[in-house]
Amino acid sequence: MKIYYSETAIKSLNVILEFLESKWTIKQINLLKSEILKFEETISENFITHQSISTDSNIKYMLVAKKQVKIYYTKINNDEVRVLAFWYSKGNPQQLKKLLK
């Protein structure tokens, strides 16, 4: 399975990492990175159904980093997944809606 990261996903991950560098320890940041890699492995091996957002059942999300960061993604076809955004769970929900449009 191929995994593509949208430009929004890359930007949102960088924003989260910059913010977390001032709040979290290196160990916690490394845990986040390893859980992102685990997400990729899980998706590549077998498409596991995660929760959908209420406004669009095609957009799914997975919680990582002790449920503090969400990875939003959608299945493009049987062999491709597009990661739409990363979201810090304590962020403004209105901003999330803008990212997912």
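## Two pockets and what lines them

Let's start with the chemistry of the largest pocket: its lining splits into 6 nonpolar, 2 polar and 3 charged residues. Keep in mind that this is a predicted model. The pocket itself has a volume of about 240 Å³.

Who are these residues? Moving along the chain, you meet Ile-53, Ser-54, Thr-55, Asp-56 and Ile-59, then Tyr-72, and after that Pro-93, Leu-96, Lys-97, Leu-100 and Lys-101. Two elements give two or more residues to this lining, namely strand E3 (56-64) and helix H3 (93-100). Of these, H3 brings the largest share, with 4 residues. If you want to pick out the charged ones in your viewer, look for Asp-56, Lys-97 and Lys-101.

Now for the second largest pocket, which holds about 200 Å³ of space. Here the lining includes a run of names from the early part of the numbering, Thr-8, Lys-11, Ser-12, Val-15, Ile-16 and Phe-19. Phe-86, Trp-87, Tyr-88, Gly-91 and Leu-99 line this pocket too.

Which elements supply at least two residues each to this second lining? They are helix H1 (7-23) and strand E5 (80-88). H1 is the top contributor, giving 6 residues. As for character, the lining of the second largest pocket divides into 7 nonpolar, 3 polar and 1 charged. That charged residue is Lys-11, while Thr-8, Ser-12 and Gly-91 make up the polar set.

Technical notes:
Residues are numbered from 1 along each chain as its sequence is written. This is a predicted model: local features need pLDDT of at least 70, side-chain atom pairs count only at pLDDT 80 or more; totals for chains, interfaces and linings use all residues. Side-chain values use heavy atoms; hydrogens and water are left out. On a 1 Å grid over the protein atoms alone, a cavity is a set of points where a 1.4 Å probe fits but cannot get out, and a pocket is an open set with protein on both sides within 12 Å along at least five of seven lines; lining residues have an atom within 4 Å of a point. Grid points are joined across faces, edges and corners, and a volume is the space filled by probe spheres set on the points.
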